Amino acid sequence: MQPQQPGQWGPQHPQAPQQAQPWQPVPKKKSRAGCITFLILGLVALLVVGGIAGVYFYWRHGIVTEPAGEEPSGQPVIAPCDLVSADTLRKLHTTNLIHGYSDEETGSATCTWRATKGQDGTNERYLDITVSTSVAEDPSDAKAEAEETFENYRQTDGKRASRVTDDLEGPWDEAFMATGTEVKAATVFFRKGTTTVSVGYDGYDKTYWFEDQRLPAPDAERAAKTAAEEFAAGL
């Protein structure tokens, strides 16, 4: 038996060559700085918008809750303005007579009411009455003049209205209502004998938006008709 050579301790097996592993980059951790910045900017924007909205609504709230109208004018109530009762004026939020005029020689008269500050709410309301009575000595001529005045109202204010209600029933000979003119939200025009009258009602409701809104047409129509009926009943 031959002695083993140095380094030989058993059968030698050739070692398989090791394959080189492909190089792989170390994945980088995603940075959250962008998300954090975006969240911060979003929060700041919300705070700015919320602050502006808060200031705006605080400002509008002061306007919306401020009493409408003016201090009592102290204007004496003359005929025929006294034909509209104090109770009706309270319901219409127009207790402040700021102008009353009557001229028997010409047969004309005007009555203008507005809201009384601290008494008639926070929304502006306007009631205006114009009276025209024929002063012709001949009754037939006086009636013809009144009829002509009434027809002129129909051809002017009636044509400018968004809606006209004809043959309005009430204590008068003839009447119609014009709704939605530039001058008034609703106006009742009536003739009783030799007198022709226009009763207009208008107003604006305060809102939290930039502009106030004209009062709803049905409310204006009811108010104008109520005042017109009472006025006509007293003629």
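Begin by selecting G180: within the hairpin of β5 and β6, where 6 residues separate the strands, this glycine has a positive phi near 80°. Strands here are DSSP runs of E with at least two residues, helices are runs of H or I with at least four, and both are numbered from the N terminus. The model is predicted, so local features require pLDDT of at least 70 and side-chain atom pairs pLDDT 80 or more, whereas totals for chains, interfaces and linings use all residues. Residues are numbered from 1 along each chain as its sequence is written, and side-chain values use heavy atoms, with hydrogens and water left out.

**The strands around β5**

Extend the selection to β5, residues 174-179. Of its 6 residues, 5 are buried, a term that denotes under 20% relative accessible area, with exposed meaning over 50% and partly exposed lying in between (1.4 Å probe, protein chains only). Add β6, residues 186-192, which pairs with β5 in the antiparallel sense over 6 bridges; two strands count as paired if DSSP finds at least two bridges between them. Then add β4, residues 163-165, which is antiparallel to β5 and joined to it by 3 bridges.

Which residue of β5 is the bridge partner of T165? It is M177, and M177 also has a bridge partner in β6, namely V188.

Next, move to D167 in the loop between β4 and β5. Its phi is near 50°, a positive value in a residue other than glycine. D167 counts as exposed because its relative accessible area is 70%.

**The loop between α1 and α2**

Select P72, which is placed in the loop between α1 (33-64) and α2 (86-91). With 57% relative accessibility, P72 is exposed. Display N96 and T116 as well: P72 touches both, when residues up to four places away in sequence are not counted. Contact is taken as heavy atoms within 4.5 Å. A C-alpha to C-alpha distance of 8.9 Å separates P72 from A115, although the two are 43 residues apart in sequence.

Continue to P80 in the loop between α1 and α2. The peptide bond leading from A79 to P80 is cis, its omega near 5°. Most residues other than glycine have a negative phi, and most peptide bonds are trans.

The following stop is C81, which forms a disulfide with C111. The criterion is a pair of cysteine sulfur atoms within 2.5 Å, and here the sulfur atoms are 2.1 Å apart. The structure holds 1 disulfide. Why is the disulfide of C81 and C111 described as left-handed? The torsion about its S-S bond is about -90°, hence the assignment. C81 lies in the loop between α1 and α2 and C111 in β2 (residues 108-114), so the pair ties together parts that are 30 residues apart in sequence. C81 is buried, at 1% relative accessible area, and C111 is buried at 1% relative accessibility.

**The nonpolar cores**

Now select W113, I129 and F190, the residues with the most contacts inside the largest nonpolar core, which has 30 residues. Such a core is a set of buried Ala, Val, Leu, Ile, Met, Phe, Trp, Tyr and Cys residues joined through side-chain atoms within 4.5 Å. Two or more residues each come from β2, β3 (124-133), β5, β6, β7 (195-205) and α4 (217-234); α4 provides the largest share, with 7 residues.

Centre the view on I129. Apart from neighbours within four places in sequence, its contacts include V84, C111, W113, V197 and F231. A second, separate core has 6 residues, among them F150, Y153, A178 and F189.

**The largest pocket**

For the last region, select V77, L89, T95, L97 and W113, which are the closest to the centre of the largest pocket among its 18 lining residues. The space in this pocket is about 210 Å³. A pocket is an open set of points on a 1 Å grid over the protein atoms alone, where a 1.4 Å probe fits and protein lies on both sides within 12 Å along at least five of seven lines; lining residues have an atom within 4 Å of a point. Grid points are joined across faces, edges and corners, and the volume is the space filled by probe spheres set on them. Both α2 and β1 (96-103) supply at least two lining residues, and α2 gives the most, with 3 residues.

Finish at H93, in the loop between α2 and β1. H93 has a positive phi near 60° although it is not a glycine, and its relative accessible area of 35% makes it partly exposed.
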